[in-house]
Amino acid sequence: MSYVDETLETLAKKYENQPEFLQAVTEVLDSIRPVIEENEAEYKRDALLERLTEPDRQIIFRVPWIDRDGNARVNTGYRVQFNNAIGPYKGGLRLHPSVNISIIKFLGFEQIFKNSLTGLPIGGAKGGSDFDPKGKTDREIMSFCQNFMLELYKYIGADTDVPAGDIGTGAREIGYMFGEYKRIKSLHEGVLTGKGLSYGGSLARTEATGYGLLYLTEEMLKCNGIEVAGKTALVSGSGNVAIYAIEKATQLGIKVLTCSDSTGWVYDPDGIDVATLKQIKEVERKRLTEYKKYRPNSEYHEGRGVWQIKADIALPCATQNELNIDDAKLLVANGCLAVAEGANMPTTADAVKYLQDNGVLLAPAKAANAGGVATSALEMSQNSERLNWTFEEVDSKLKGIMVNIFHNMDDAAKKYGMDKNYVAGANIAGFEKVLNAMTAQGIC
């Protein structure tokens, strides 16, 4: 049995109740087989894959907080620090009822390679809680965030671990957490990213993941002889990533036909109107059922169905495993040219294979949605220098990073005889940098 298969078998037995984590590990290890096989005996001797797939530490803690009625409530908090071979741990904090240790480990493991691909000195981590900020008052959210930080502060720092926002964790939540950290430690340092502009945040951070997704998509298509201007696209989701992906796609001359939320989806044959979407989601904080009031020519549908519309490009920007094999078959049948993942692991394994087998260009999340963490790392740099860069400076650096990510994964795929397999290319390119750092630092 090969070292990769042996490792996967051991992990499957040990973590049989962590399906998301096992899915992520299987996808990565399958991709990097050619690299491992070159020096299998040496890597097995040094337990390289075991050290890579086991987090450096996993922190699980209770978070008591007070609700609007004065009652104490308790949630579970997590921080998984996976690998810091190339720099301080870096990864978001997700606040959502679905959060559990499997999801946090899957996200943290993916973050190792995503952060490596950026070319910036940041390691991989992830955290969060099963707390749901939806429907909570500002006071309730403040109470939770302050108590969450009362435990988390022990394990983070500007040169140790720098958390950021994620689903459910925006500028408000980061602000409350940063304020509590500052009170506890008496330090005003870059311990969190995604901060407000008035206290160390970076311009273009809000737009970064969505914009970065389109910069990489544009480069991928260009290098395959396809011009993006005049193309149509499908977007799932209507959160931060989806909104700014739609905005940048529109700027590049792409007509975006759909978006969605947890209850339904919108089809707008005239193209999704970004201003309307921002008004509904960022200002009013309402459901997409409101969209038709602003755009009467649009259609609203309950449930899921974004991928049934004919378009050139698909951009899944909602959540993990949202694009399944049936969706992939619809996309192929409708002549889709490319899929670029804005969410984390939004395409199921069988759907990935089907898309690749049918010649659809597929940019995996760890490459395509790396713009957010890349700009977070740029925020860290600004904090260290006590400087604020202009929007244009940050956006220019972001575009350069995303273009480089594409070429790194493209080169890695070609090097190992897997031309246009960008999933494998991204995993190999990210892994090789981490491998070199781990090897240089010894077995630790």
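Two strands count as paired if DSSP finds at least two bridges between them, and the strands and helices themselves are DSSP runs (E, at least two residues, for strands; H or I, at least four, for helices), numbered from the N terminus. With that in hand, welcome to the tour. The model is predicted, so to speak of local features takes pLDDT of at least 70 and side-chain atom pairs count only at pLDDT 80 or more, while totals for chains, interfaces and linings use all residues. Residues are numbered from 1 along each chain as its sequence is written, and side-chain values use heavy atoms, with hydrogens and water left out.

**First stop: the sheet of 7 strands**

Select the strands S9-S8-S7-S6-S10-S11-S12, which in that order form an open sheet with mixed pairing. At its edges you will find S9 (299-302) and S12 (361-363), each pairing on one side only. Now pick S6 (residues 232-236) and S10 (residues 313-316): they run parallel and are joined by 4 bridges. Click on Ser236 and look across to Pro316, its bridge partner in S10.

**Second stop: the sheet of 5 strands**

Here the order is S1-S2-S4-S3-S5, again an open sheet with mixed pairing. S1 (57-66) and S5 stand at the edges with a single partner strand each, so one side of each has no neighbour in the sheet. Next, show S1 with S2 (residues 72-83); the two run antiparallel, joined by 10 bridges. Gln58 faces Val80 in S2.

**Third stop: helix H16**

Select residues 371-385. Its 15 residues should span 21 Å at 1.5 Å a residue, and the end C-alpha atoms are indeed 21 Å apart; the expected span is 1.5 Å times one less than the number of residues. Is H16 mostly covered or mostly open? Mostly covered, as 12 of its 15 residues are buried (under 20% relative accessible area, with a 1.4 Å probe and protein chains only). Among them are Val373, Leu378 and Met380. Show what these buried residues pack against (contact means heavy atoms within 4.5 Å): S3 (89-95), H6 (101-117), S5 (161-164), H9 (205-223) and H17 (391-415). Just after H16 comes Arg386, with a positive phi near 60°.

**Last stop: the rings**

Select Tyr15, Phe21, Phe82, Phe109 and Phe113, which form one aromatic cluster. Across the whole structure there are 13 aromatic pairs.

Finally, show Lys136 over the face of Phe131, at 5.1 Å from the ring centre, and then Lys397 over the face of Trp389, at 4.9 Å. A charge sits over a ring if NZ of Lys or CZ of Arg is within 6 Å of the ring centre and within 35 degrees of the ring normal. Rings of Phe, Tyr and Trp (its six-membered ring) pair if their centres lie within 6.5 Å.

Conventions:
Phe/Tyr/Trp six-rings, centres within 6.5 Å; stacked < 30°, edge-to-face > 60°. Buried < 20%, exposed > 50% of the residue type's maximum accessible area, 1.4 Å probe, protein only.
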